[in-house]
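Okay, thanks for making the time, everyone. I'd like to walk you through a structure that's new to most of you, so let's bring it up.

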Amino acid sequence: MRRVRHMMRKEFLELRRDPRLFGIVLIAPLLQLMMLGYAATTDVRDVPMVVVDEDRSALSRDLIARFDASGNFLVVDSVSSVAEIDRYLDEGRAWMALTIPAGYGERVRAGGGAAVQVIADGTDANSTNVALGYAGALVASYARALAASTGRGRATPLVGADIRVWFNPSLESRPFMIPGILALVLLVVCTTLSSMAIVREKELGTLEQLNVTPLARWELIVGKLVPYALLGMVDVLLVVGVAVGWFEVPLRGSFALLFGMSLVYLLTALGLGLFVSTISRTQQQAMMTTAFFFLLPMVFLSGFVFPIENMPRVIQPITYAIPLRYFLIILRGIFLKGIGLDVLWPQAAALLAWGLAILTLATLRSTKRLA
Amino acid sequence: MNTIEVRHLTRRFGAFVAVDDLTFDVGQGEIFGFLGANGAGKSTTIRMLCGLLRPSSGTARVGGIDVGSDPEAVKRRIGYMSQRFSLYEKLTVDQNIAFFGGIYGLSGDRLAARRAFALEMAGLRGREGALTGELAAGWRQRLSLGCAILHEPPIVFLDEPTGGVDPLSRRRFWRLIDELARGGTTVLVTTHYLDEAEHCHRVAIIQAGRLAALGTVPELKQVFAGRPILEIRAPRPVDAMRLLDTLPEVEKTSVFGTAVHAVLRSAETPPGEVAARLGSAGIAAECRVVAPSLEDVFLDVVERSA
């Protein structure tokens, strides 16, 4: 046990002399969280839109004004013929074109059906889908309002769904994304840091020196792990603070549980890094292995970007092997739903098992004697 | 009693045999030199003796313990210093000593005494707070040795300890090794500096993983008994060498600095005769019999075992 203490002390002394590390531990997570917090949003705002108003009536101007005022669309220009739309979409100056045909106002006033045309740039299918949804909803509510004011439509449909959205009533993407980014930032920082831990000593030649001392393997691993775990805890506090304080993500569940689960998660991230450290020969190798074999697949398959439910059935089982998957469910559960261990215990157990397994593997992999 | 006993020690890497059937003993307080070209198997042997590498076959007992079956027990009894600089460069001199002392389980008065010893030995008293990475190579090397023997191990392994160090520091380093051995510590050291081997009580010459020669330096030089070595100084040494190679009296030649060494087949051949032969070929040469150096021995042994 005394050897572990000496190992930890040495590790801290080395860390203190490494100014790069300060950046990795404190600045990088904050910077990533700030940038991704703003950038990683699936909300679509201010979609540039070009309009062709062939009707030029009070009603057509009213519809255009509603688009413009919604906040989701921004009317960038108004052209006189449909042929001119092409140029706007080709050059990307507009994502969407709204065409109001001549006689639109007349037909609306007469109570007959009137149609407007919406042309959208489908290059970015996700955003276009969302924008089209907004456009559909906007036109529908406008139609209802028109019908009600003229008294000619059915004010109340026969069957109506009374929709309420729980946990995130305004359906903003940020409260959903920020906990995910938090998990991602912790994963990147902790895995990268600990993947350097043993391989750095390999490069320096000090590992061989340690191998001829009575220092046991587990003493080396624990001595390396604890300092990084402490740094990781500082990061947890930091990113949770920014998520709640700056991005105003509601923390509905218990903070103690959040912190506790983050510790278990840190264990898996650090264990994974250590494992990479034992199978790599140079720091560069460790870096590449971490990034390509672990971080990238984890980001894509964890449900952070793409919903697991939408993945092909063959791929879905793979996601169970990814610790980030469990932590995402735990984080989003605690943040948005305010649920506790009574609901989250399967995920918590899976995460803990994963952490213990990878740490055992890392310890077994790093032998003092070469075969 | 022998401190190190090696019997038929062999290490294979795939089909390549790095260490081939080594057998030797090292006594207590002995400085035992391992001499060989790069890749001859010196480091592989030392790594097996330290418990860093598993022997493929054969046995080695270090301090009475079999390294094959209990390498961890061996590690408590040895000090090891490799050719690679093995201290933490970002730690100060004192922090390195404290760390390695702690790993070896030293504390309190014993640690204080050993720290003073290591500082004294490395000549670093007063520079305890200096960053190790900023020390000159000679100091770092002595500090490495100091850290490797903080726990006063009875056996010390040094794997090319003087690589990349200036001659003056090398000399100081060897004085330290002499002192250690006089204090009863067994030292096994590998080197490819032949002048360093002269400090060793006994020398083993390793060639392609095999033990090519073993003995004290005077014993090793006995291979030249009855085969005198002529040192020939001539203005055109290459021409002289070509001519010498054609003489029936000459066994072989090699270049030594600006001179040529010629091994004669018989002690009967007078040096003047060789000089006369060179003179008749228009090469004014100075010939004299010299005592064999370890380099002569090394080249001879390597050549014959190859």
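One term before we start: buried area is the accessible area, taken with a 1.4 Å probe, that two parts lose on being put together, summed over both. And keep in mind that what you see is a predicted model.

So, how much area do chain B and chain A bury between them? It's about 3000 Å², with 55% of it on carbon and sulfur atoms. In terms of residues, 36 from chain B are in contact with 27 from chain A. Three residues are worth finding on the screen: Tyr88(B), Lys90(B) and Ile103(B). Together they supply 22% of the area that chain B buries against chain A, more than any other three residues.

Stay with Lys90(B) for a second. Between chain B and chain A the count is two salt bridges. Lys90(B) makes a salt bridge to Asp18(A), where the closest N and O atoms are 3.6 Å apart.

Now let's go inside chain B. There's an open sheet of six strands here, in the order β6-β7-β8-β3-β9-β10, and the pairing is mixed. Which strands stand at the edges? Those are β6, residues 78-81, and β10, residues 210-215; each has a single partner strand, so one side of each is left without a neighbour in the sheet. From one strand to the next, the twist averages 15°.

Further in, β3 (residues 31-36) and β8 (residues 186-191) of chain B run parallel and are joined by five bridges. If you want a landmark there, Ile31(B) stands opposite Val187(B) in β8(B). Helix α11 of chain B, residues 294-305, packs on the sheet and touches β3, β9 and β10. The direction of α11 makes about 40° with that of β9(B).

Back to salt bridges. Over all chains, a search of the whole structure finds 34. In chain A, Lys10(A) and Glu14(A) form one at 3.3 Å, N to O. Both sit in helix α1 of chain A, four residues apart, about one turn of the helix. Are these two buried or exposed? Lys10(A) is buried, at a relative accessible area of 1%, and Glu14(A) is buried too, at 5%.

Another one in chain A pairs Lys224(A) with Glu201(A), with 3.0 Å between the closest N and O atoms. Lys224(A) lies in helix α9 and Glu201(A) in helix α7, so the pair ties together parts that are 23 residues apart in sequence. Lys224(A) is buried, with a relative accessible area of 1%, and Glu201(A) is buried with 1% as well. These pairs belong to a network of salt bridges that links Lys10(A), Glu11(A), Glu14(A), Arg200(A), Glu201(A) and Lys224(A).

Chain B has a pair to look at as well: Lys221(B) and Glu198(B), at 4.0 Å, N to O. Lys221(B) is in helix α8, while Glu198(B) is in the loop between α7 and β9 of chain B. Here Lys221(B) is partly exposed at 22% relative accessibility, and Glu198(B) is partly exposed at 41%.

Last topic, cysteines. How many disulfides does the structure hold over all chains? Zero. Take Cys147(B): the closest cysteine sulfur, in Cys50(B), is 16 Å from its own, too far for a bond. Cys147(B) is buried, with a relative accessible area of 2%. For Cys200(B), the closest cysteine sulfur is also the one in Cys50(B), at 16 Å, again too far for a bond.

Terms used:
Residues are numbered from 1 along each chain as its sequence is written. Chains are lettered from A and ligands numbered from 1 in the order in which they are written. This is a predicted model: local features need pLDDT of at least 70, side-chain atom pairs count only at pLDDT 80 or more; totals for chains, interfaces and linings use all residues. Side-chain values use heavy atoms; hydrogens and water are left out. A disulfide is a pair of cysteine sulfur atoms within 2.5 Å. Buried means under 20% relative accessible area, exposed over 50%, partly exposed in between (1.4 Å probe, protein chains only). Two strands pair if DSSP finds at least two bridges between them. Helices (H or I, at least four residues) and strands (E, at least two) are DSSP runs, numbered from the N terminus. Axes are lines fitted to C-alpha atoms, for helices over the stretch in contact, and angles run from 0 to 180 degrees between N-to-C directions. Contact means heavy atoms within 4.5 Å. A salt bridge is a side-chain nitrogen of Lys or Arg within 4 Å of a carboxyl oxygen of Asp or Glu.
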